[in-house]
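Student: Please give me a close look at one part of this model. Start from a single residue and work outward to the packing around it.

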Amino acid sequence: MNQMSKLDTFIQQSVAAMPISGTSLIASLYGDALLQRGGEVWLGSVAALLEGLGFGERFVRTALFRLNKEEWLDVVRIGRRSFYRLSDKGLRLTRRAEHKIYRASAPEWDGTWLLLLSEGLEKSTLAEVKKQLLWQGFGALAPSLLASPSQKLADVQSLLHEAGVAENVICFEAHSPLALSRRRCAIALKSVGISPSRTRCMTRLSPCFDRCCRCFATASPRS
């Protein structure tokens, strides 16, 4: 089996083991890879790139349209071709997430939770703000209550101000003196992928990364 066959097998096994959100994958693709290589890519090229992961052109077209509508991506049309790139909003959100995704290890947690309680927001506005906060590593304890064990307060404040909801969200820190309460809170957030000891991304992708390393370690450089 040559190196490309090993890589194809690895991709297929990883996709089967861990379902992928195509829209989130496209957002990550732009922020993690394409941004450093010019950033603006033709729709057809994105579709060709994701075809190997099982995403058809129709899905890619719909996902890019949705990301543009949500102001994650900007689009430039030249003739009949559409070229997409990260918008200013998408770039800001990507930068905020980078220090969580790529840091070598999580800092020691002191047991303090950052809690956000929203009040008086319209349903659509609340849904959009929650989506951005979940992307930043918050978990939902209740419909209007989000929590995170590790955040830069300045990033959270900036996000709330940009969304125009800073006056409708109460931000406070909490530390429960009861071991049982701390344990229940940790369990509730772990169920949605938030852990005090490891970031959501590291928790989900570490097994995938380990398999990738083994795949290339056993591949012959000349195969």
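**Ser82 and the core around it**

Tutor: Leaving out residues up to four places away in sequence, Ser82 touches Val41, Trp42, Leu43, Val75, Val76 and Arg77, where contact means heavy atoms within 4.5 Å. This is a predicted model, in which local features need pLDDT of at least 70 and side-chain atom pairs count only at pLDDT 80 or more, while totals for chains, interfaces and linings use all residues. Residues are numbered from 1 along each chain as its sequence is written, and side-chain values use heavy atoms, with hydrogens and water left out.

Ser82 sits in strand E3. Helices (H or I, at least four residues) and strands (E, at least two) are DSSP runs, numbered from the N terminus. Ser82 counts as buried because its relative accessibility is 14%; buried means under 20% relative accessible area, exposed over 50%, and partly exposed in between, with a 1.4 Å probe and protein chains only.

Strand E3 (81–86) is one of the elements that meet helix H4: the buried residues of H4 pack against H2, H3, strand E2 (73–78) and E3. H4 has 13 residues and reaches 18 Å from its first C-alpha to its last, close to the 18 Å expected at 1.5 Å a residue. That expected span is 1.5 Å times one less than the number of residues. Which residues of H4 are buried? They are Val60, Ala63, Leu64 and Leu67. Seen down the axis of H4, they fall within an arc of 100 degrees, so they line one face of the helix; the arc is that of the directions from the helix axis to the C-beta atoms. The face turned away from this buried side carries exposed Arg58 and Lys69. Just after H4 comes Glu71, in the loop between H4 and E2. Glu71 has a positive phi of about 70 degrees although it is not a glycine.

Val60 of H4 leads into the core. Not counting residues up to four places away in sequence, Val60 touches Ile26, Val46, Ala47, Leu50 and Phe55. In the largest nonpolar core, which has 31 residues, Ile26, Tyr30, Val60 and Leu64 touch the most other members. Helix H2 (22–32), helix H3 (43–51), helix H4 (57–69), strand E3 (81–86), strand E4 (113–118), H6 and helix H7 (153–162) each give two or more residues to this core. Domain 1 (18–102) and domain 2 (112–192) both contribute residues, so the core lies between them. A nonpolar core here is a set of buried Ala, Val, Leu, Ile, Met, Phe, Trp, Tyr and Cys residues joined through side-chain atoms within 4.5 Å, and the domain bounds come from an automatic or database domain assignment. In soluble globular proteins, nonpolar side chains tend to be buried together.

On the domain 1 side, Ala27 is found in helix H2. Ala27 counts as buried because its relative accessibility is 8%. Leaving aside neighbours within four places in sequence, Ala27 is in contact with Leu67, Trp72 and Trp135. The C-alpha atoms of Ala27 and Leu73, 46 residues apart along the chain, are separated by 8.4 Å.

Trp135, a contact of Ala27, belongs to helix H6 (residues 123–135). In H6, Leu126, Val129, Gln132 and Leu133 are buried. These four cover an arc of only 130 degrees around the axis, which puts them on the same side of H6. Exposed Lys123 and Ser124 lie on the face turned away from that side. After H6 comes Gly137, with a positive phi near 110 degrees.

Leu126 of H6 also meets strand E4. Ser118 is in E4 and is buried, with a relative accessible area of 13%. Beyond its neighbours within four places in sequence, Ser118 is in contact with Leu126, Ser144, Asn168 and Val169.

The other core helix to consider is H7, where Val156, Leu159 and Leu160 are buried. Seen down the axis of H7, these residues fall within an arc of 95 degrees, so they line one face of the helix. On the other side of H7, Ala154 and His161 are exposed. Gly164, just after H7, takes a positive phi of about 75 degrees.

As for the whole chain, nine helices and seven strands make up its secondary structure, and 31% of its 223 residues count as buried.
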